[in-house]
Structure formats: C-alpha cells, structure tokens
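Let's take a friendly walk through this model, from its enclosed spaces to its charged pairs and its helices. Have the structure open beside you as you read.

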Amino acid sequence: MEHEAPIHTFMGLQFNLSNVLMITVSCVIVFLIAVLATRALSMKPGGMQNFLEWVVDFVKGIINSTMDWHTGGRFLTLGLTLLMYIFVSNMLGLPFAVAFDHELWWKSPTADPTITLTLAVMVVVLSHYYGVKLKGAKRYGAEYFKPFKLFFPLKLIEEFANTLTLGLRLYGNIYAGEILLGLLVGLAHKGIFAGILGIFPLIVWQGFSVFVGAIQAFIFTMLTMVYLAHKVADDH
Amino acid sequence: MQSLMLGAATGVNGGDILFQLLAFIILMLLLRKYAWGPLMGIMKERQNFITNEIEAAETSRKEADKHLAAQIEELKQAREEARAIIENAKKQGEAQGESIIKASRVEAERVKESALADIASEREKAVATLRKEVASLSVMIASKVIAKELDERSQEKLIQDYLQEAGEAR
C-alpha cells in the first residue's frame, strides 16, 4: 500500500492531482445529489426531497443546539454543505482505491490532512470573522481576557488547538480507516487462504467505516457550529 | 506518503489548499442557489401553508360554534313562541266557550221570560173575553127576564133554563 501521490507543480504551487480529482468528484456528487433532489419540489415531499428536508432539519437541530436561530440561521447553508461534502468525501474512499503507475488516484479527499486542515482553518477563520462582525471588535477582543487576564495565552493556544483537532480528527479517522482497508485487501496478496479469511473483517470494517464516516461528518459540522457559537453568542 | 505529512520534504501542497477552498466555496454558492435556496423556500412555504390552514380551521370552527349557538338560540325562541301560541289559543278557546255559554244562558233566560210573558198575556186576554161574555149574557138574561114578566115558578124555570143555556154555551 505504499503509493506515491501524483504531485505536479503548476504556477509555483504544488498540486496533488489525486486530491484535485477527488475534491472535484466529491463536489460534483454533492451537487448532483442536492440538485436532483430539489428538481421537483412540491408541498407534499416525497423520496429525495424528503431525505434532503430531513438533512436540513438535522442541521437546523445542530445549529439550534449551539446557538439561537436568530444568529445561527445564516450558517445553515455552511453546515449543510459541510455535512454533505464531508460525508460524501468520507464515503468515496470506501469501495475501492485506484492506484495508477504506483500513484494513488482514487481515495477519500478527507484522508489527506491538507484538505481537512484547509476546511478546519476555513471554519475557524469564519468564526473569527463572524465574531468581529456580529459582536464588534471590542467585545470580540474582550473574549480573550475572560474570565480574567491570565487566560489570554490559554485562549490563544485554544484557537490553534481547535483548528488542529478539528482538521486532524477527521483526517485521522478516515486515513486510518483507509489504511486498515488497504491492509485487509492486501491480505489477498499473501495467498488465497488469507484473502478469503480477510473478506470477513473487510466487510465488517467497511460497514464500520460507513458509520465512522457519517459520525465524523456530523462531528465536524457540530464542532463548526460550536466554534461559531462560541465566537458569536453573547453568553455561553 | 510524503504528501500526507505536514511539512514534508515536498512542502505543503499550496495548490491543494487553494483548490479545496475554491471548490468548497463554489460548491456552497452553487448549492445555495440551486438546492438549499429553493428547498428552504418550499419548506418555508409549507410552514406558512400549515399555519394558514390551522388558522383557517380555527376560524371556521369558531364560526361553526357561533352558528350552532345561534341555531340553539333560535330553536329555543321558536319553542317559546310555539308554547305561547298554544297557550294563547287555549286561553282564547276557553274565553270563547265561556262567552258562548254565557250568551246561551242569557238567550235561554230571555226565551223563558218571553214565554212567561206570552202565557200571562194570553191568560189575561182569555179572562177579559170571558168577562165580556159574562156581562153580555147577564144583560141578555136580564132583558129576557124583564121582557117576559112571568110568574115566579116559570120565572124560576126560565132562569134555570137560561143559566143552563149559558152554562152549556160556555
């Protein structure tokens, strides 16, 4: 399972083309699911519309559990897109991994820390942006010295810790899941007997990975809302 | 594996970061326009619809209650009216009966009185007639007696005869 990443340099930036491909695939899938489900909107929802409305209500529930709807309503789009994008990304690496010329092309984009940390930094930057926007720079700054001034270094560290844990938790779970899937599939190379023996844990682990992928998407969205609420809410 | 580690020899994949950011933001904007917007619109619409329906149902229920109360009131009134009419009719009937009885009583009294009066006048008339006849008879008898100048016996006999005659004539 030691695959190289297909890295190419373009305009002075390094592109992992596998990531670029998988991000695009994820985005297209999410877009297709969402748009196809909302093509035939009706007052009496059925099928996919029902499912998507359930997702909307689910994210609404997450937001409502962390802040009041007046401030939280604007994050609904963000939460929905995050949840579906991360879930789809997590699922992509499960059925198979495609390696071409010893370069790993098909995998979960979220099995790359660059991607997850990008999302995490985006969320944290957004939380700071909305913190300043909704509460004003003064009250936003005052938050760093609560409950008393000695907390300032801790609060600073907290910001970076939040970012790191948010991104690396997702990356770790998905990456570990894919590594173990790769190892179990790799059993087949050791012999036919080991391969057959490996099928059962493989099935179990794939099922578990679906669960983990869903849970991680939920946790990422939940924590996003918690961090946002932490910055924009008046009391907590 | 190198690219999977932060700060690896190949460096950070700046391109990936940019691409991920752009892709996510574009995805979010596209979804907002083509999926979440319409979806939330219809959810809102449904919410409004349900609210309106509930309100309408409440209004019509209130109206129905009002109508029911009015109906009950009307029914009560009609019943009251009917009772009053019946009572009136009864009273009227009673009064009419009484007046009829009274009138007939008066009529009977009148009839009886007139009958009595008739009887009395008839009797008086009869008595008057009788009297007149008796007088004329007496005159006749007297004139015959005077005219004949008979002896006492024949006179007696004559008187007896006349008397008998008168009595028979009577």
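## The largest cavity

Helix H7 of chain A gives the most to the lining of the largest cavity, with three residues. Before going on, a word on the ground rules: this is a predicted model, in which local features need pLDDT of at least 70 and side-chain atom pairs count only at pLDDT 80 or more, while totals for chains, interfaces and linings use all residues. Residues are numbered from 1 along each chain as its sequence is written, chains are lettered from A and ligands numbered from 1 in the order in which they are written, and side-chain values use heavy atoms, with hydrogens and water left out.

A cavity here is a set of points, on a 1 Å grid over the protein atoms alone, where a 1.4 Å probe fits but cannot get out; lining residues have an atom within 4 Å of a point. Grid points are joined across faces, edges and corners, and a volume is the space filled by probe spheres set on the points. The structure holds two cavities of 30 Å³ or more, and the largest has a volume of about 60 Å³.

Which residues line the largest cavity? They are Glu143(A), Tyr144(A), Lys155(A), Glu158(A), Glu159(A), His230(A) and Lys231(A). By class, that gives one nonpolar, one polar and five charged residues. For this tally, Ala, Val, Leu, Ile, Met, Phe, Trp, Tyr, Cys and Pro count as nonpolar, Asp, Glu, Lys and Arg as charged, and the others, Gly among them, as polar. Helices H7 (152-190) and H8 of chain A each supply at least two of the lining residues. Helices (H or I, at least four residues) and strands (E, at least two) are DSSP runs, numbered from the N terminus.

## The second largest pocket

A pocket, in contrast to a cavity, is an open set of points with protein on both sides within 12 Å along at least five of seven lines. The second largest one holds about 280 Å³ of space. Its lining has 13 nonpolar residues, with no polar and no charged ones. Nearest its centre lie Phe51(A), Trp54(A), Val55(A), Leu83(A) and Phe87(A).

Where does this lining come from in chain A? Helix H2 (47-66), helix H4 (76-92) and helix H8 (192-232) each supply at least two residues.

## Salt bridges

Side chains of opposite charge can pair when their charged atoms come close. With a salt bridge taken as a side-chain nitrogen of Lys or Arg within 4 Å of a carboxyl oxygen of Asp or Glu, the whole structure has five over all chains. One of them joins Glu53(A) and Arg46(B), at 2.8 Å from N to O. This pair crosses between chains, from helix H2 of chain A to helix H1 (residues 14-148) of chain B. Glu53(A) is buried at 6% relative accessible area, and Arg46(B) is buried as well, at 16%. Buried means under 20% relative accessible area, exposed over 50%, and partly exposed in between (1.4 Å probe, protein chains only).

Chain B has salt bridges of its own, among them Lys125(B) with Glu122(B), at 3.7 Å. Both residues sit in helix H1 of chain B, three residues apart, about one turn of the helix. Lys125(B) is exposed at 53%, while Glu122(B) is partly exposed at 48%. Another bridge links Asp161(B) to Lys157(B), at 3.5 Å. Because they are four residues apart in helix H2 (residues 152-169) of chain B, about one helical turn separates them. Asp161(B) is partly exposed at 33%, and Lys157(B) is exposed at 54%.

## Helices H7 and H8 of chain A

How does the span of H7(A) agree with its 39 residues? At 1.5 Å a residue they should span 57 Å, and the end C-alpha atoms are 55 Å apart, which agrees. The expected span is 1.5 Å times one less than the number of residues. After H7(A) comes Gly191(A), with a positive phi near 150 degrees.

Helix H8 of chain A contains Ala194(A), which is partly exposed at 22% relative accessibility. The C-alpha atoms of Ala194(A) and Phe160(A) are 44 Å apart, with their positions 34 residues apart along the chain. Ile196(A) is also found in H8, partly exposed at 47%. From Ile196(A) to Gly136(A), 60 residues apart in sequence, the C-alpha distance is 62 Å.

## Chain B as a whole

Chain B has two helices and zero strands. Of its 170 residues, 14% count as buried.
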